[in-house]
Amino acid sequence: MFKNYGLLGIEHLEKEEIEKILELAFFYKDCIKKNIKKLSALKGKSVVNLFYEPSTRTKNSFELAAKYLGANVINFTTQGSSVQKGETLKDTVSTLTAMGIDAVIIRHNVSGTPMYLKKYINLPVINAGDGMHEHPTQALLDMMTVMEYKGTLKDLKIAIIGDIAHSRVAKSNLIGFSKMGAKVFLAGPSTLVPEAAKKFGAIISYNVKEAVKEADVVMGLRLQLERQKKNLFPSTGEYAKYYGINSTVLNLAKPDVLLLHPGPVNREVELTSEVMDGEKSCIGEQVTNGVAIRMAVLNLLIGGNEYEKAV
Ligand code: CP
């Protein structure tokens, strides 16, 4: 990070930078709660939401965040664009840059695309999820959600369950929560939990019940079937039976456990509807916090007047 550079991954953030983003995001959450949605930190700025992969939460919350701060927003999706005529990513971004944009928010199915782009453009690049690499604003909104309920991240037990191998969310959260002093446990089928995660400080288990025991936070992950090149488990039914989070599993965690999931959820596979819609679920709050986090990131990158007087 940061000012005028971009946010390519949680990997590049210092603990103090994470704290600064969270603090500003709580300020913006308060503004939103008070229905103050016409701020001016990005007045006169234009950002492009460049999405080469589907998204509901990230794309729309970046759009709302930019608009609440007074920016103009271009929403770019490949469908209906000249990408379908063969225009390269580099040429697409050069074209948009020539229109006078101030930052690029990019989601792409290829890991490393935001870093590739940053080499060619002199604008802040925000990674909105790249392949199996990172999803930094997701991890920031997850940390914000936990901070909101627990008051701290230090020494918490965070159990992340499921398709770790293909999950950019798991990687960003592992790095982020570890930097903030939490202990991160990863669990799932051995084919979906890479040993390499240990180098980021993860404690690995292939037994969900063991990982969830006495956890402060349990996070389910979507089975990323579109990224799996071969069969890595017998069936979704078996996956749900052995690795799905249901009320029996969740009851092994602390009584005040928070249930998180980045979404979208495959109901009755990663989570039963009972726990997803239950009182321990913070999934709705994660989405709400996504807007505030993205306001904070955009402001710190291209805005000014961080704690502007709300108008
Ligand atoms: N969590 C997440 O990235 O969701 P979307 O794919 O809907 O943006």
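# Two pockets and a ligand

Student: Which residues line the second largest pocket?
Tutor: The second largest pocket is lined by Met-132, Ile-164, Ala-165, Ser-167, Ala-170, Lys-171, Leu-174, Leu-186, Pro-194, Ala-196, Ala-197 and Phe-200. Keep in mind that this is a predicted model. By class, one residue of that lining is polar, one is charged and ten are nonpolar. So, with Ser counted as polar and Lys as charged, the two that stand apart from the nonpolar set are Ser-167 and Lys-171.

Student: Which element gives the most to the lining of the second largest pocket?
Tutor: The volume there is about 170 Å³. With three residues in the lining, the top contributor to this second largest pocket is α6.

Student: And what is the volume of the largest pocket?
Tutor: Its lining has five nonpolar, eight polar and seven charged residues. As for the space itself, the largest pocket comes to about 370 Å³.

Student: Of the 20 residues that line the largest pocket, which are the closest to its centre?
Tutor: Two helices, α2 (57-68) and α6 (168-179), each put at least two residues into that lining. Closest to the centre, though, you'll find Arg-107, Arg-168, Arg-222, Gly-263 and Pro-264.

Student: Where is the ligand, then?
Tutor: Look at what surrounds it: Pro-54, Ser-55, Thr-56, Arg-57, Thr-58, Arg-107, His-135, Gln-138, Pro-262 and Gly-263. That shell splits into two nonpolar, six polar and two charged residues. The space the ligand takes up is the largest pocket.

Student: Which residue has a polar side-chain atom 2.6 Å from an oxygen atom of the ligand?
Tutor: Check the backbone first: an N or O atom of Pro-262 is 2.9 Å from a ligand nitrogen, and one of Gly-263 is 3.3 Å from a ligand nitrogen. Those are backbone atoms, whereas the 2.6 Å pair with a ligand oxygen uses a polar side-chain atom of Ser-55.

Student: How much of the ligand's exposed area does the protein bury?
Tutor: Start with the ligand taken alone, which exposes 260 Å². Of that area, the protein buries 92%.

Student: Which peptide bond is cis, with omega near -10°?
Tutor: Try the loop between β10 (258-260) and α10 (273-276), where Pro-264 sits. With omega near -10°, the cis bond runs from Gly-263 to Pro-264.

Student: Which residue has a positive phi of about 60° although it is not a glycine?
Tutor: This time go to the loop between α7 (208-212) and β9 (217-220). The non-glycine residue there with a phi of about 60° is Glu-214.

Definitions and conventions. Residues numbered from 1 in each chain as written. Predicted model: local features only at pLDDT ≥ 70, side-chain atom pairs only at ≥ 80, totals over all residues. Heavy atoms only, no water. Near = heavy atom within 4 Å. Polar contact = N/O pair within 3.5 Å; in protein donor to acceptor, adjacent residues only side chain to side chain. Areas by Shrake-Rupley, 256 points an atom, 1.4 Å probe, with all protein chains shown as cover. 1 Å grid on protein atoms, 1.4 Å probe; cavity = no way out; pocket = protein on both sides within 12 Å on 5 of 7 lines; lining within 4 Å. Sits in = over half its atoms within 2 Å of the grid points. Points joined across faces, edges and corners; volume = space filled by probe spheres on them. Helix = DSSP H or I, 4+ residues; strand = E, 2+ residues; numbered from the N terminus.
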